[in-house]
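I opened this notebook to keep track of what I looked up, beginning with one chain taken alone and moving on to its contact with a partner.

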Amino acid sequence: MKLELRFFASLREGLGLSGESIATPPEVKTIADLRSHLAERGNPWAEVLASTKIIRCALNQEMVADSTPLVEGAEVAFFPPVTGG
Amino acid sequence: MHSFPRLLAAKMQNDFIRVQEADFDLTTEVKTLRKNDPRVGAVVTFVGTVRDMNDGSQVKGMTLEHYPGMTEKSLEEIIQQARGRWDLYKTLVIHRVGPLLPEDQIVLVAVTSAHRGEAFAACEFIMDYLKTAAPFWKKEETPEGSKWVDARVTDDAAMARWK
């Protein structure tokens, strides 16, 4: 599945990357699957996306739960809990 | 069929969302928001500013990052939720991004309504939701170096009150 990844704030800095276009294997079906798939790349991915870290995710610019299924061509963003206002 | 786009356009003109680097002037914004609207009996505003202290560290300045596109969408969603709960005339949210210094203004929420009760509640609701749902992030400059601000549990608790 083709996806457009976006990273913000401490995740962007930790990965040294603000975005990436990727094609995922068929077993990557949900947000949680994608996060594990990326963490398998080793560091800094493993460290930044470790399951102990609280990370929020947006699918097509809408905040979603980890169990949400991915959709072809989606924009998927990972970021820390928000701190605006 | 023809009334739908017109209604949609009318609705959009009553909600104003701006994400900008520039500062804002409260008096000017309130004047514009309630201009030519004699239905208005209450205007409630909230202004958030930069403190020089956070979590025991001195703050020399900060930089605000956001997620362009999602930020505007999430603020629209927050305002629509407020409209579902209270009768509001106009709403305005301005959120600054980029570098800011202590005492600078960060955010403005302004709401007009017929009566104060609805305006007070809606303004607080919008602000509580913004704190937990709008994609903004603060990075503070302290004497120990720069660090990303951690989200507060008290912000989640403030939002949970509205559920």
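I began with burial, keeping in mind that this is a predicted model, and found that 47% of the 163 residues of chain B count as buried.

I then looked up the secondary structure of chain B and noted 5 helices and 10 strands. The radius of gyration of chain B is 17 Å, close to the 15 Å that the globule rule gives for 163 residues, so chain B is as compact as a globular protein of that length. For the extent of chain B, I noted that its C-alpha trace spans about 60 × 30 × 30 Å along the principal axes. I also looked at contacts in chain B between residues at least 6 apart in sequence, and of these 78% join residues at least 24 apart.

Next I turned to the partner chain, where 25 residues of chain B are in contact with 20 residues of chain A. The area buried between the two chains is about 1800 Å², with carbon and sulfur atoms giving 56% of this. Which three residues supply more than any others of the area that chain B buries against chain A? They are Tyr67(B), Met70(B) and Trp137(B), which together supply 36%.

Finally I checked the polar side of the interface, where the rule finds 14 residue pairs in polar contact. I noted that helix H4 (116–133) of chain B gives the most to the side that touches chain A, with 5 residues. By class, that side of chain B has 15 nonpolar, 4 polar and 6 charged residues. The rule also finds 2 salt bridges across the interface, and one that I looked up joins the side chains of Lys139(B) and Glu13(A) at 2.5 Å, N to O.

Key. Residues numbered from 1 in each chain as written. Chains lettered and ligands numbered in written order. Predicted model: local features only at pLDDT ≥ 70, side-chain atom pairs only at ≥ 80, totals over all residues. Heavy atoms only, no water. Contact = heavy atoms within 4.5 Å. Buried area = accessible area lost by both parts, 1.4 Å probe. Salt bridge = Lys/Arg side-chain N within 4 Å of Asp/Glu carboxyl O. Polar contact = N/O pair within 3.5 Å; in protein donor to acceptor, adjacent residues only side chain to side chain. Helix = DSSP H or I, 4+ residues; strand = E, 2+ residues; numbered from the N terminus. Nonpolar A, V, L, I, M, F, W, Y, C, P; charged D, E, K, R; others polar. Rg over C-alpha atoms; globule rule 2.2 N^0.38 Å. Buried < 20%, exposed > 50% of the residue type's maximum accessible area, 1.4 Å probe, protein only.
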